[in-house]
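Colleague: Could you walk me through this one? I'd like to hear how the parts meet and what sits around the ligand.

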Amino acid sequence: MNENFKLYSQYYDLLYQDKNYVQETNYVSRLIEIYRPKSKTILELGAGTGKHAFLLADKGYTILGIERSKEMVAIANQQKNENVSFEVADITEFNLKQTFDVATSLFHVISYLTDNESLIQTFKNVHQHLNEDGIFIFDVWHSSAVYHQIPEKRTKILQSNTIEVIRKANPVIYSEKNIVEVNYEIAITNLSDKSTNTIAEKHPMRHFSRPEIELLAYGTGFKLLSTEEFLTGSVPSTNTWGVCYILKKI
Ligand SMILES: C[S@@+](CC[C@H](N)C(=O)[O-])C[C@H]1O[C@@H](n2cnc3c(N)ncnc32)[C@H](O)[C@@H]1O
C-alpha cells in the first residue's frame, strides 16, 4: 500500500494555505454548467481534506469524496455538511454501488497513477460510476511543460501560530517513463520549545500529453470534450503545468 500523504496530511492544509480553492471550485462548477448542465451529484476522486467538496456542496451539489489516505479523510470529516460524505477507498479499485452525474479529480490526483494498468482501471471505474452522458473533469501535469521547465529542487517555508514547516522538494526525473519522483523532506519546528522533527515522503508523479489522455479515454469508454489550461481556460503551452481535461461517457 502506498503510504504517501500519511505523514504529509498533518501539514497539508498549512502547506497549501495559499491555494485558491474558492476560485478553483468556481472554475469547476462553470465547466459543469457548460458541459453537463443540471448535474446534481458529484463523485470526487482523491478528495484530500475535502476543501473542494465542501465548496461544491455550497453550490448545491451532493458529493461523495473517495480518498486513499485515512489521515486525510479524518481531517475532511472534522467539517460537517449533510450533502458531503467521504470514504476511504483507492480510486484504482472501488465499487460504490451508485452512480453520479459528474466525476472530478482535482490537484493532480490522476498524476499519482504512474502505471498504465492503474490508469485504465481508474478510468473504467469512473465510467461504471457515471450516469448517462456523465462527465469526468480532472487536471494533470503536462508533459511539454515538464520537458520545457525541468523540475528543480525547491524549498517552501510556512508558519502557523504554533509551528514552522520547511518543505524541501527534490525531484528525480525518469524521462522514459514520464515520471518525476518528488522526494519531500519536511522539517517541523515547534515555535515554543524550538524542537524539530523531520519526515520524508516520496511522491511519484506522471505527466501526460493530450494524445496519451485521448487514447486512454477512447480505450475506457470516454470521448474528449475539451482540454485547456487549468483555471485560465487558455490553450495549453510549454508553460502550462496543470492541464484540465473534460471527458464524456459514451
Ligand atoms: C495533491 S493531493 C489533492 C487532494 C485534493 N484533491 C485537493 O485538491 O486538495 C492528492 C490526493 O490524491 C490522493 N490519492 C493519490 N492516489 C490515490 C489513489 N490511488 N486512491 C485514492 N486517493 C489517492 C492522495 O492521498 C491525496 O490526498
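Modeller: Sure, and one term up front: a salt bridge here is a side-chain nitrogen of Lys or Arg within 4 Å of a carboxyl oxygen of Asp or Glu. Bear in mind that this is a predicted model.

Colleague: How many salt bridges does the rule find across the interface of domain 1 and domain 2, and which residue pairs with D18 in a salt bridge?

Modeller: Across that interface the rule finds 1 salt bridge. For D18, the closest N and O atoms of the pair are 3.8 Å apart. The cut-off is 4 Å, so that distance counts. The partner of D18 is K156.

Colleague: Where do the two domains run along the chain, and how far apart are their C-alpha centres?

Modeller: The domain assignment puts 9-141 together with 207-249 in domain 1, and 145-205 in domain 2. In the contact between them, domain 1 takes part with 17 residues and domain 2 with 23 residues. As for the C-alpha centres of domain 1 and domain 2, they lie apart by 24 Å.

Colleague: What area is buried between domain 1 and domain 2, and which residues of domain 1 lose the most?

Modeller: About 2000 Å² is buried between the two domains, with carbon and sulfur atoms giving 68% of that. On the domain 1 side, three residues together account for 35% of what that side buries. They are Y11, L15 and H207.

Colleague: Which helix gives the most to the side of domain 1 that touches domain 2?

Modeller: By class, that side of domain 1 has 7 nonpolar, 8 polar and 2 charged residues. The top helix covers residues 9-15 and supplies 3 residues. That's helix α1.

Colleague: On to the ligand: which residue has a side-chain N or O atom 2.5 Å from a ligand oxygen?

Modeller: 20 residues surround the ligand, with Y12, Y21, G46, E67 and L106 the closest. Y21 places a polar side-chain atom 2.6 Å from a ligand oxygen, while G46 uses a backbone N or O atom, 2.8 Å from a ligand nitrogen. The residue at 2.5 Å is E67.

Colleague: What about backbone angles: where is F107, and what is the phi of D133?

Modeller: F107 has a positive phi near 70° although this residue is not a glycine, and F107 lies in the loop between β4 (100-105) and α5 (116-128). D133 is placed in strand β5, residues 130-142. The phi of D133 is also positive, near 65°.

Terms used: Residues are numbered from 1 along each chain as its sequence is written. This is a predicted model: local features need pLDDT of at least 70, side-chain atom pairs count only at pLDDT 80 or more; totals for chains, interfaces and linings use all residues. Side-chain values use heavy atoms; hydrogens and water are left out. Domain bounds come from an automatic or database domain assignment. Contact means heavy atoms within 4.5 Å. Buried area is the accessible area (1.4 Å probe) that two parts lose on being put together, summed over both. Helices (H or I, at least four residues) and strands (E, at least two) are DSSP runs, numbered from the N terminus. Ala, Val, Leu, Ile, Met, Phe, Trp, Tyr, Cys and Pro count as nonpolar, Asp, Glu, Lys and Arg as charged, and the others, Gly among them, as polar. A residue is near a molecule or strand if one of its heavy atoms lies within 4 Å of it. A polar contact is a pair of N or O atoms within 3.5 Å; within protein, one must be able to donate a hydrogen and the other to accept it, and residues adjacent in sequence count only if both atoms are side-chain atoms.
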